[in-house]
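Please open the model in your viewer and keep the selection tool at hand, since each stop on this tour begins with something to pick out.

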Amino acid sequence: MILVINLNASLDKRYELVDFAKGKIVRAKSVDNTPGGKGIHVANVDTILGEETVVTGFLGGKTGEYVAGKLCDYGIEGDFVRVAGETRSCLALLTEDGAQTEILEPGPEVSREEIKKFRQKYAELLVKADIVVASGSVPRGVPVDFYAELIEEAHRAGKKFLLDTSGDLLARGIAAQPDFIKPNQDEIEALRGYRLQCEEDFVREIRHFLDAGIEMAAISLGSRGSLVGVKDAVYRVTVPEVDCQNPVGSGDSYVAGIAAGLSRNLPAQEILRLGAACGTANALEAESGFVRKGVVEKLLAQIAVEKIA
């Protein structure tokens, strides 16, 4: 089973507008309401791929009830801790010129007792899991070393842990040696305090992560694919050119593909191929964190994985 942790879930509201002007009345052409959060995207894609998947975290208020109901509609198995605060909403405003403006609420503040309940839930679910994925931000009240503690608990139980977050959460998490990380260039530069200028710089940073005990470290290059270190090798993963509809959620879909590949015990290069195919398939869809299984399977043959170091 793949256990996905999404501590700061959201209701994602997507508005299509002709234009957006501050201080004016703006009428939406269409509105979509979907369950959101990086971990929920991961869980959705892994569910579509046919993997046994459970997503957990915090949900609260009427918005949390709506998100839970939507997860059921999507066929995603959720097992959340209920909290007193209201689950956040995140707004995406898309205009005809292709611009996207996002408004992200901070989320509820969780109490020590609610965190304690989550720890109990995590311990119960961890027994059944083979792979754990933690994605995204955390709500207020959750300590910055929380992911690091979850990583250590998973490793004590002999389970692989994939971490996709940023900032101090990422820095503390790296120290706990997750099995997979996916920082982008900006996140690495923030961690290191210097600029990355070329592919050799990326490879050097990947080597640093591998030497620090992280089994797999990926750096996204956007439409150019990614560079990924696995144990003692570094690979260049190249994806085909596609008509991108919406890149939001492609990173989450990539992580979902990696988790599925690990769950299936695929060879390293096939794991990377599946991750890239899922990330690319998401870019072809208007909905974030969504792929079509048939499209993923067709893309697999178009992904090039080359060992470069």
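The tour begins inside this predicted model, at the largest cavity, whose volume is about 30 Å³. The structure holds one cavity of 30 Å³ or more.

To see what surrounds the largest cavity, select Leu7, Asn8, Ala9, Phe58, Thr87, Arg88 and Pro108, which line it. Colouring these by class shows four nonpolar, two polar and one charged residues in the lining. Rolling a probe the size of a water molecule over the atoms is what shows where empty space is left.

Keep Arg88 from that lining selected, and extend the selection to residues 88-95, which make up strand S7. Is this strand mostly covered or mostly uncovered? Strand S7 is mostly covered, with seven of its eight residues buried, that is, under 20% relative accessible area.

Next, add residues 10-17, which form strand S2, and display the pairing with S7: the two strands run parallel and are joined by eight bridges. Within this pairing, look for serine 10, which stands opposite arginine 88 of S7.

Then select residues 100-104, strand S8, which runs antiparallel to S7 and is joined to that strand by five bridges. Here the pair to centre on is leucine 93, opposite threonine 101 in S8.

Finally, move to the connection in the hairpin of S7 and S8, where four residues lie between the strands. Which residue of this hairpin takes a positive phi? Select glycine 98, whose phi is positive and near 90°.

Terms used: Residues are numbered from 1 along each chain as its sequence is written. This is a predicted model: local features need pLDDT of at least 70, side-chain atom pairs count only at pLDDT 80 or more; totals for chains, interfaces and linings use all residues. Side-chain values use heavy atoms; hydrogens and water are left out. On a 1 Å grid over the protein atoms alone, a cavity is a set of points where a 1.4 Å probe fits but cannot get out, and a pocket is an open set with protein on both sides within 12 Å along at least five of seven lines; lining residues have an atom within 4 Å of a point. Grid points are joined across faces, edges and corners, and a volume is the space filled by probe spheres set on the points. Ala, Val, Leu, Ile, Met, Phe, Trp, Tyr, Cys and Pro count as nonpolar, Asp, Glu, Lys and Arg as charged, and the others, Gly among them, as polar. Buried means under 20% relative accessible area, exposed over 50%, partly exposed in between (1.4 Å probe, protein chains only). Two strands pair if DSSP finds at least two bridges between them.
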